[in-house]
Amino acid sequence: MTEMNPSSSNKRDGEFSDLSSASKKSKANGGENQISEATTSKIPSNQVNSDNNSSPEKNNSDGCFLIEADAAEDKGSRHTMEDAWVVLQDASLDFPGKLRCAHFAIYDGHGGRLAADYAQKHLHRNVLLAGLPRELLDVKAAKKAILEGFKKTDDSLLQESTAGGWQDGATAVCVWVLGQTVFVANVGDAKAVVARSAVADGSQNGSSGLKSIVLTREHKAIYPQERARIQKAGGSVSSNGRLQGRLEVSRAFGDRQFKKVGVVATPDIHSFDLTERDQFIILGCDGLWGVFGPSDAVEFVHKQLKDGVSVAAVSRRLVREAVRERRCKDNCTAIVIAFNNK
């Protein structure tokens, strides 16, 4: 059950030329076909499972929760697509174990899409190599593996970018589901939101019974905690709120020219146990959240799912609404992850 597809918003002012020529182009080509769903894999062949990515996945040792997920993307009014995404319902790769492992991610590139493509291809495997639990759940060990996986990916990405002479960067929002525990990690301004019902059986009489809970923390240079860290590293935040007057986000993969002045790829990591109250998670790049508030997006997705629309179609409709109706001008990518305990 695995699909990955590259595709971001430009976090920098326009001093960079298009560096995406070495990467695959988006399928978006205007008209109805402009909204792309999870169809083509960009993972190395040894990481690909040929099952349909939007089919429910259940591991018998992990209880009663089924997962159904899908992604959609649109380049908006940008000339190129710099986002990349991952939908891996069986994310064990060649690390089998009793513990269900699913993985979902959006990488939002800026200055080109090479950093997004690199993180897409390497982060999850690096997290597994760092010791992501596969037999018995250990929350502390899982968070340590995610942290080390981010560091290893950024270190190797910087070596690649130095050798290749490119300076692309990418923010990220990533989810791992281990058994019935969800881990969320992010750098930059991509965001994850969970829809949680007010009652234990997951039922509600309308959107008023469904809470939207933001699971990530934005990392922007203008925020006091990030500004202090940047200044301690020798960087500065200009009056326009950008690092060195150029970069809006303060944490990202790549961006090697900014690493010495405070940019890091250290994620915030949050975990929680799935319950019957948790209905779905929405992952989105900043293009999506620029036109959708968390509650607004949850209400939109909830209405579609309640009407019996498939998760694949819901993800497409969410992105279509953002770009065509709400006039998102940026690259726009979303992943909808639905949980079913029946």
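Three short exercises on this predicted model follow, each with a worked solution.

Residues are numbered from 1 along each chain as its sequence is written. Local features need pLDDT of at least 70, side-chain atom pairs count only at pLDDT 80 or more, totals for chains, interfaces and linings use all residues, and side-chain values use heavy atoms, without hydrogens and water.

**Exercise 1.** Place T153 and state which residues it contacts.

Solution. Start with the element: T153 sits in helix 2, residues 139-164. Helices are DSSP runs of H or I of at least four residues, strands runs of E of at least two, numbered from the N terminus. Next, burial: T153 has a relative accessible area of 0% and is buried. Buried means under 20% relative accessible area, exposed over 50%, partly exposed in between (1.4 Å probe, protein chains only). Last, contacts (heavy atoms within 4.5 Å): beyond neighbours within four places in sequence, T153 touches Y118, A119, H122, L123, N126 and F253.

**Exercise 2.** Classify the aromatic pair of F150 and F253.

Solution. The structure holds 3 aromatic pairs. F150 and F253 make a stacked one, at 5.2 Å centre to centre and 20° between the planes. This pair links helix 2 to strand 10 (residues 253-254), 103 residues apart. Rings of Phe, Tyr and Trp (its six-membered ring) pair with centres within 6.5 Å; planes under 30 degrees apart are stacked, over 60 edge-to-face, the rest tilted. Both partners are buried: F150 at 0%, F253 at 0%. Y107 joins F150 and F253 in one aromatic cluster.

**Exercise 3.** Find the polar contact partner of the E73 side chain.

Solution. E73 lies in strand 3, residues 66-74. Its side chain meets that of W85 in a polar contact of 2.9 Å. A polar contact is a pair of N or O atoms within 3.5 Å; within protein, one must be able to donate a hydrogen and the other to accept it, and residues adjacent in sequence count only if both atoms are side-chain atoms.
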